[in-house]
Amino acid sequence: MTFKETPDAVPAVEMQDITLRFPGVLANDHVNFTMYPGEIHALLGENGAGKSTLMNVLTGLYKPQSGEIRIHGKKVSFNSPKDAIANGIGMVHQHFMLVENQTVTENILIGLDTPRFALNLKKYDQEVSDLADQFGIHIDPTAKIWQLSVGEQQRVEILKILYRGADILIMDEPTAVLAPQEADELIATLKGMAAQGKAIAFISHKLAEVKQVADKLTVLRRGRVTAERMDLHDFTRESLASLMVGREVIFNLHKCDQDPGREVLRLEDVSALNNKNLPALRNVDLALHEGEILGIAGVAGNGQSELVEVITGLRPCTGNIWLEGKNIANKPPAFSISQGLAHIPEDRIGVGSAPNLSLTSNIIMKRYDQEPISHNWQLDYVAADTLAGGLKDEYDIQAPSVQTQARKLSGGNLQKLILARELSSTPRLIVAMQPTRGLDVGAIESVQQLLLRQREQGCAILLVSEDLDELLALSDRIAVMYEGHVVGTICSADFDITKIGLMMTGTLPQDLPPEVPELKSPAPGSVSDFDSVLDHVKDFEQIEQASPAGQPVVIPEEEIPPSEEPSRGGSSPSAQDLNLSEKERVLRKVLGENYNKGDEA
Amino acid sequence: MKIPYPVFLKRHEDPPKWLPAVTSIGAVILAFIISGIVLAATGANPFTVYSYFFKASFGSWGAFSDVIVKATPLLLIGLGCALAFKMRLWNIGAEGQFFIGAFMASAVVMVPLVNLDTTPRWAIISLMMLLGMVGGALYGFIPGFLKAKLNINEVIITLMLNYIAVLWNNYWIFGKWSEAGFQMTKTFPRSAWLPRLADYAAEVPAFAGMTAHFGILFGLIAAVIIYQILYRSKWGYKITLIGDNPKAARYAGINIARNTILVFMVSGALAGLAGMTEVSGVVHRLQERISTSYGFSGVIVAWLAKLNPFAVIVVSVLFGALLVASREIQPSGISFLIQGITLFLVISSDVLLKYEIKWVRPAQETAQ
Amino acid sequence: MNWIEIFRSGISTGTVLLIAAIGEILTERSGIQNLGVEGMMLVGAMAGFKVAFQTGNVWLGLLAAIAAGGLLSLAHALVVIHFQADQTVSGLSLTFLGTGLALVLGDGLTGQTAPVIPSATIPLLSQIPYLGPVAFANHNLLVYLGYLLMPLTWYYINKTRPGLHLRAVGENPAAADTLGVNIYRTRYLYTFIGGCFAGLAGAAISVAIAPGWYSNLTVNGQGWIAVALVIFAHWNPWRAALGGYLFGVLRRFTLDLQGPRLLFGLANPFFFNTNLVFFLQMAPYLLTIIALIWGSSAARRKRIGSPAALGVPYQRGERGL
């Protein structure tokens with residue numbers, strides 16, 4: 001790495017003894033964080049470890065209960081984001097903070113005092129494009145935000161900070177939303193900025209990516225620092241993992257071998273538009289069988305949400321969708337529910353639950369019309385409470401009572417509530433979108449176990465996930481989506497991360513390197529460039545040589561039955577060996593942004 | 001929640017059950033105090049005004065009977081509003097639905113739709129009720145349909161329809177149905193009158209002169225029915241679910257458009273029934289001023305009752321008293337003023353249901 | 001029928017809608033919906049007339065109207081910004097409150113006369129054939145103020161720094177907040193400004209266009225029409241102005257329909273049956289409904305939305321933004 005710390009250098013950021021408590025949560029517990037100009041400093045930790053909170057303290061959104069902050073050696077106290085901006089601190093949030101219908105330049109000018117009254121946009125367009133050139137960022141300053149790709153929007157966020165003269169940049173999981181090429185470009189940009197003397201804090205929970213980008217490292221676990229300002233080369237992936245989670249373990253899912261049964265779901269030539277009336281699904285053909293999990297892989301926004309919505313009746317489409325021999329395309333959701341379709345939605349709070357209603361009311365959402373809860377026009381709330389109470393115990397939903405409002409449940413418990421509702425109705429088909437996103441590791445495991453149990457019972461499951469590890473562990477087949485097409489489908493025997501990764505970037509199966517796995521449903525009309533494929537393959541080889549082998553995937557200790565505790569770095573003794581280490585390295589290189597994407601909430 | 005004042009709001013984990021009632025009552029009391037200050041500012045003595053208020057509304061059984069007369073339409077309309085608001089549909093059109101209901105009921109007599117001399121009284125009244133409700137329901141259908149199919153703001157549509165309904169009634173009472181050029185219809189025959197307490201003065205002498213009519217019974221029955229719908233029925237569950245999270249309701253397979261239209265129609269039917277009781281039970285003719293903004297007061301009644309049908313009964317009696325008293329009090333806007341302030345205070349007091357308020361010194365502001 | 005007079009009077013009455021609608025556009029652009037325009041206009045009309053009547057100075061009346069509308073809107077601002085109450089209900093209660101206040105404080109003003117805003121004719125411009133007499137001759141000064149408001153508000157919203165902040169707060173308050181724009185202050189400010197405009201619009205009726213105080217008939221639903229006009233106008237001052245004038249013209253046109261014996265060579269039904277006038281009086285309200293249906297389907301077609309954060313209370317997340 002290029003950065004060398006000189007003894008007399010003044011730290012750009014010095015946070016000492018920061019403590020911040022939210023009601024019920026100690027988000028930061030005497031945290032120290034120091035960063036010098038010209039370095040990229042990774043802040044590593046699990047979901048909810050307190051990374052974003054610490055950085056929000058640095059950007060003036062939160063005031064810590066104790067501790068002090070020095071910027072370039074000067075003690076500061078921030079009352080609002082404005083103070084932090086004045087001290088040269090800027091943050092790129094995970095969810096972009098951009099005004100969709102304003103131009104790039106307008107977004108950059110928000111909150112500034114400089115154009116005193118009249119916006120002379122021409123002049124500022126020029127300034128923005130000069131600044132972009134200085135850091136090698138390509139952007140059209142006059143474009144409206146909604147016209148830009150996600151990667152371009154991120155560049156606007158960075159420019160917004162640079163324009164304010166920031167020399168301390170905070171990037172909150174910046175690669176989470178990017179395609180692989182965009183991530184590479186971003187990392188190059190960040191390194192360029194560090195070379196120009198900027199201090200960059202890089203929040204992440206992806207070990208591989210951190211090793212690639214950062215000079216120094218601070219690790220948080222449950223609000224405490226477990227490694228402070230360490231050099232990255234002092235660490236192996238295992239030791240990093242243990243600092244993040246507490247100890248290292250391996251995914252240990254029992255997935256029994258079983259042959260898929262008869263066909264449950266078939267999509268024929270299904271196309272649909274997205275909310276902006278642009279094509280989102282293009283001529284999709286898919287089939288799904290009893291006792292089979294079909295994983296849908298793809299970079300976010302390539303038609304996965306729309307696919308789920310057309311199957312569940314929430315979005316109009318063209319083409320046919322056969323569920324158990326009945327065409328459910330463009331039928332109201334009530335019809336497909338009555339045909340045995342269960343839906344675990346991506347947005348648990350906004351779609352999957354009624355936040356101000358009781359647990360009972362949320363449980364009966366799809367069966368208020370069935371005995372014993374329904375009597376003619378009446379609804380038997382006693383029977384409903386009984387049902388809800390039973391499911392609450394069975395699915396271990398932690399809540400004071402069945403009268404508790406859904407909004408008071410934690411993310412994991414809310415997901416259990418949704419699973420209890422959807423799975424207890426003995427569905428024929430489960431459509432699950434990002435079922436483990438944003439959950440803590442323990443909850444992830446139990447959600448995955450529940451899905452596997454349904455598979456054993458002969459249920460067909462369509463699993464959409466941006467977490468490739470999850471897809472590989474659970475799926476019998478994986479279909480890869482790119483720009484609304486299903487690029488190809490791969491059976492579990494032929495799972496190959498490299499190929500899935502290439503397909504996720506739009507490479508057609510027939511253009512893949514030799515030893516192509518069995519493929520179905522080639523996507524029409526998609527073009528790819530063989531040279532770029534070769535480049536990718538070259539990249540993979542370099543990575544293979546550069547990285548050590550044999551890293552385990554980590555989950556917390558309480559999830560591991562003692563008898564099956566695996567040896568460190570070894571393979572699992574379970575039926576299906578999920579030793580991902582080889583694949584994982586490549587995967588995280590190429591598709592790191594999709595690994596364990598989660599919200600720090 | 002951080003606010004730039006030395007107060008800190010903390011989300012209530014479990015607000016006590018009595019809190020909604022206390023805040024509502026507190027809001028009413030505070031509204032009277034503030035209105036008293038405004039009254040004092042205009043030169044009136046608020047204590048005289050308020051004691052007059054009380055006497056004019058609760059001073060005697062006769063006065064209370066008048067209160068019940070005023071409470072009847074408020075109760076019916078308040079129930080309709082409570083149902084619509086539960087689904088977060090802002091039916092501000094009760095006033096118009098009330099007028100159309102009154103018009104349709106009057107049509108039975110004025111067209112006439114039946115032979116008024118030979119048809120039995122119960123049949124005439126039943127027909128008037130039916131047509132009143134149908135009229136209100138159809139008038140509620142319009143904003144319901146526009147909301148469900150085109151997602152057009154129902155507040156503005158219902159308000160515009162209010163003005164249109166009043167003009168529509170004016171056309172008939174100034175024109176075709178005008179009684180000798182006066183702006184009203186002829187008095188309905190006795191067979192089209194809802195029975196009043198005074199009608200039974202022969203049996204119960206105390207009822208002499210009491211104008212309270214059968215309509216209040218309709219209101220009470222409607223309260224029970226709406227209660228059953230909201231808290232005991234599948235339809236009520238759907239309404240509540242749509243009101244809390246329409247996306248979740250759609251995901252659960254509930255047809256939001258159909259329920260939007262249905263709720264608007266039921267809400268309108270109740271307002272239409274209120275219009276019928278007013279012409280058949282109180283004024284016995286169709287005329288220009290049959291409503292003292294019942295449609296709007298019903299909105300406040302529903303909100304003050306926190307959408308609980310039984311609480312609507314209590315609140316509508318209270319507001320009935322306010323309307324009775326304000327008939328004889330100058331300046332005429334005082335009841336509007338009290339209603340406006342009350343509604344404002346009620347919605348402001350909702351913050352107390354959601355948050356505990358703590359006063360802190362600025363330095364500790366974020367230290368909670 | 002005298003077309004010049006119809007258009008002249010349409011512009012004059014349309015000015016009321018224009019002022020109120022532009023105020024509401026500014027409020028809604030900041031993410032706050034204030035349905036209490038009717039109440040604020042009534043209070044403004046009352047305050048303007050009362051002060052003009054008592055002091056004999058119409059300009060003081062105008063100031064009082066602006067202040068009254070603005071003050072009333074602050075009640076709405078407090079309740080929806082800080083208490084996070086439902087904006088629809090709060091707007092409604094503001095209408096009640098405004099109506100009540102106006103009726104109580106305006107007691108005894110009916111039938112009085114007060115000084116009115118003076119009229120003026122613009123030299124040269126008034127000489128333009130047709131347009132001159134319609135738009136630039138013998139109008140009260142508020143009409144000319146209306147002409148200035150359209151371009152100025154458009155420029156302010158789209159081409160200035162405070163306008164940029166206004167749009168940002170209404171579209172994505174979280175983004176504006178992280179950049180140091182004070183969301184609460186911005187929303188208070190524009191709710192207040194919207195109230196001031198509504199108060200001015202009320203006074204434009206009572207001391208300029210239709211002088212006098214006729215209790216709640218003074219405004220008679222124009223506040224609600226102005227709110228509808230904002231949706232019809234897609235939150236654009238130009239379209240609001242156009243819509244306002246159009247409404248004014250049609251309103252006057254329907255009134256004048258009763259005049260002639262013959263209409264397009266046929267017997268005029270409105271002349272021979274005066275009761276049909278009630279249907280003519282329905283016209284503005286029916287038009288509002290039609291305009292809303294048309295405006296919202298056009299907005300859907302062109303994918304023009306309301307300000308994204310309209311009606312949504314802003315609150316910094318307890319954890320993260």
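Me: Two strands pair if DSSP finds at least two bridges between them. What makes strand β13 (residues 293-297) of chain A and strand β21 (residues 477-482) of chain A a pair?

Reply: The model is a predicted one. In it, β13(A) and β21(A) are joined over 4 bridges, in the parallel sense. The cut-off is at least two bridges, so these strands count as paired. One position to look at is A:Ala297, which stands opposite A:Val480 in β21(A).

Me: What makes strand β11 (residues 263-273) of chain A and strand β12 (residues 279-289) of chain A a pair, and in which sense?

Reply: β11(A) and β12(A) share 7 bridges and pair in the antiparallel sense. Set against a cut-off of at least two bridges, that is a pair. A:Val270 has A:Val284 in β12(A) as its bridge partner. The two strands form a hairpin, with 5 residues between them. In the turn, A:Asn277 has a positive phi of about 65°.

Me: Why are β16 (341-344) and β22 (485-491) of chain A called edge strands?

Reply: Begin with the sheet. Its 6 strands in chain A run in the order β16-β19-β20-β13-β21-β22, the sheet is open, and the pairing is mixed. β16 and β22 of chain A each have a single partner strand, so each has one side without a neighbour in the sheet. Neighbouring strands here are turned by 15° against each other on average, direction ignored.

Me: Which strands does helix α9 (residues 304-311) of chain A touch where it packs on the sheet?

Reply: α9(A) touches β13, β19 (429-433), β20 (460-464) and β21 of chain A. The direction of α9(A) makes about 150° with that of β19(A). Helix α16 (residues 497-504) of chain A packs on the sheet as well, touching β13, β21 and β22 of chain A. The direction of α16(A) makes about 30° with that of β21(A). Angles run from 0 to 180 degrees between N-to-C directions, which is why a value of about 150° can occur.

Me: Why is helix α1 (residues 51-58) of chain A called mostly covered?

Reply: In α1(A), 8 of its 8 residues are buried. Among them are A:Lys51, A:Thr53 and A:Leu58. A residue is buried if 20 or more other C-beta atoms lie within 10 Å of its own, so A:Lys51 passes that test even though Lys is in the charged class. After α1(A) comes A:Gly60, with a positive phi near 85°. Over the 601 residues of chain A, 51% count as buried.

Me: How do you know how far apart domain 2 and domain 3 of chain A are?

Reply: Their centres, taken over C-alpha atoms, are separated by 48 Å. Domain 2 covers 102-166 and domain 3 covers 351-425, while domain 1 is made of 1-88 + 167-246.

Me: What makes up the side of chain C that touches chain B?

Reply: The contact takes 44 residues from chain C and 44 residues from chain B. On chain C, α3 (58-82), α4 (87-105), α10 (222-232) and α13 (277-302) each supply at least two residues. α4(C) has the largest share, 14 residues. By class, this side has 27 nonpolar, 14 polar and 3 charged residues.

Me: How many residues of chain B are in contact with chain A?

Reply: There are 18 residues of chain B in contact with 26 residues of chain A. The elements of chain B that give two or more residues are α8 (234-244) and α9 (246-251). α8(B) gives the most, with 6 residues. This side of chain B has 7 nonpolar, 6 polar and 5 charged residues.

Me: How do you know which elements of chain B have the lowest and the highest confidence?

Reply: Compare the mean pLDDT: strand β1 (residues 7-11) of chain B has the lowest, 57, and helix α10 (residues 256-283) of chain B the highest, 95. Over residues 1-6 of chain B the pLDDT is below 50, and this stretch has 13 contacts in the model beyond near neighbours in sequence. The scale runs from 0 to 100, so the predictor's confidence in residues 1-6 of chain B lies in the lower half. For the whole of chain B the mean is 85, and 91% of residues reach 70 or more. In chain C the mean is 87. For the complex, the predictor gives an ipTM of 0.85 and a pTM of 0.82.

Notes
Residues are numbered from 1 along each chain as its sequence is written. Chains are lettered from A and ligands numbered from 1 in the order in which they are written. This is a predicted model: local features need pLDDT of at least 70, side-chain atom pairs count only at pLDDT 80 or more; totals for chains, interfaces and linings use all residues. Two residues are in contact if their C-beta atoms, placed from the backbone, lie within 7 Å. A residue is buried if 20 or more other C-beta atoms lie within 10 Å of its own, exposed if 12 or fewer, and partly exposed in between; C-beta atoms are placed from the backbone. Domain bounds come from an automatic or database domain assignment.
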